[in-house]
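Reader: I am new to reading structures, and I would love a close look at one part. Please take me through the shell around the ligand, and then show me how its surroundings are put together.

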Amino acid sequence: MSFHSSTRHRPMHSTPDLFDSAPAAREAIADGAWLLRGFALDQAKLLLDAIQQVAAQAAFRHQVTPGGHTMSAAMSSCGQLGWVTDRFGYRYSEQDPLTQQCWPAMPPILRQIAVEAAAAAGYEGFEPDACLINRYETGAKMGLHQDKDEDDMDAPIVSISLGAPIRFLFGGLARTDKAADWKLEHGDVVVWGGPSRLFFHGVAPLGKRAEHPLTGPVRYNLTFRKVRV
Ligand SMILES: O=C(O)CCC(=O)C(=O)O
């Protein structure tokens, strides 16, 4: 698989083309990175229900970075490990610092769709042990960053979008690399690994008019990671 293959590369500012009526296919967005449009659409309602179940045990919270910045996206986690940040640093923890309890187990429907999406992108045998759940309200964003707190860099990252649409930015190995801009909608899945596993990525602020019938002006994102080798 290669970035310059015959697969479509469609930044959000491009005009729709004849392919838009074709069935959902994987689009290469970088070497080893794929956008699977609508991949989670059929299961989206179940995924949203599962998010609410997780949040009932591990509430959404705005974490603080080591530099003292309060993140605009609210977060929760499920699985064996959850991603946490505080003044001591970024890390994975087996316990929710709010409750001192283990994170809620990863609901089977979440794990299943992540494993299937990874396989559809060419990453067979993905076994996520952590799922970070981001909740974006109007204006919330996530700056360009690398996912590098995981021990396992061979496994991909699987990222599912639910609810209001947002602009996803996907750059390169250097923070200064120009980032391409993709509109992610309800049910879209992005998978990246191999040569792009450490590419910088983020999302632009959730727009004032962004909404979805199932979530209103809110977007959820699930990112599945394999932390422990
Ligand atoms: O919300 C998104 O689509 C991106 C989330 C993300 O980059 C992350 O959780 O590391």
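**The shell around the ligand**

Author: Start with β14, which contributes three residues to the shell around the ligand, the most from any element. Names such as β14 belong to DSSP runs, numbered from the N terminus (a helix is H or I over at least four residues, a strand is E over at least two). This is a predicted model, in which local features need pLDDT of at least 70 and side-chain atom pairs count only at pLDDT 80 or more, while totals for chains, interfaces and linings use all residues. Residue numbers count from 1 along each chain, as its sequence is written.

Now for the members of the shell. L132, N134, M142, D147, S159, F168, H201, G202, V203, N221 and T223 surround the ligand, each with its C-beta atom, placed from the backbone, within 6 Å of it. By kind, four of the residues in this shell are nonpolar, six are polar and one is charged. Here Ala, Val, Leu, Ile, Met, Phe, Trp, Tyr, Cys and Pro count as nonpolar, Asp, Glu, Lys and Arg as charged, and the others, Gly among them, as polar. Besides β14, the elements giving two or more residues to the shell are β8 (130–136) and β15 (219–225).

Let us follow β14 into its sheet. Four strands make up this open sheet, in the order β9-β14-β11-β12, with antiparallel pairing; two strands pair if DSSP finds at least two bridges between them. At its edges stand β9 (142–145) and β12 (180–184), and each has a single partner strand, so one side of each is left without a neighbour in the sheet. M142 of the shell falls in the edge strand β9. Further in, β14 (residues 201–203) runs antiparallel to β11 (residues 166–170), and three bridges join the two. Across that pairing, L169 faces G202 of β14, and G202 is one of the residues surrounding the ligand. F168, another residue of the shell, lies in β11.

The other two strands, β8 and β15, take us to a second open sheet. Seven strands build this one, in the order β1-β2-β13-β10-β15-β8-β3, again with antiparallel pairing. Its edge strands are β1 (26–30) and β3 (74–79), and since each has a single partner strand, one side of each is left without a neighbour in the sheet. Within the order, β15 and β8 stand side by side. They run antiparallel and are joined by seven bridges, and A130 sits opposite R225 of β15. L132 and N134 are the shell residues found in β8, and N221 and T223 are those in β15.

Outside these two sheets, a pair of helices is worth a look. In α1, L46, L47 and A50 meet I109, L110 and I113 of α2, where a contact needs C-beta atoms, placed from the backbone, within 7 Å. Six residues of this contact are nonpolar, with no polar and no charged ones. Compare that with the ligand's shell, where six residues are polar and one is charged.

Finally, try tracing one more pairing yourself. Strand β4 (residues 82–86) and strand β5 (residues 89–93) pair in the antiparallel sense over five bridges. A hairpin of two residues connects β4 to β5, and T85 stands opposite Y90 in β5. Once you can see that pair, go back to β14 and find L169 opposite G202 in the same way.

Note on methods. Two residues are in contact if their C-beta atoms, placed from the backbone, lie within 7 Å.
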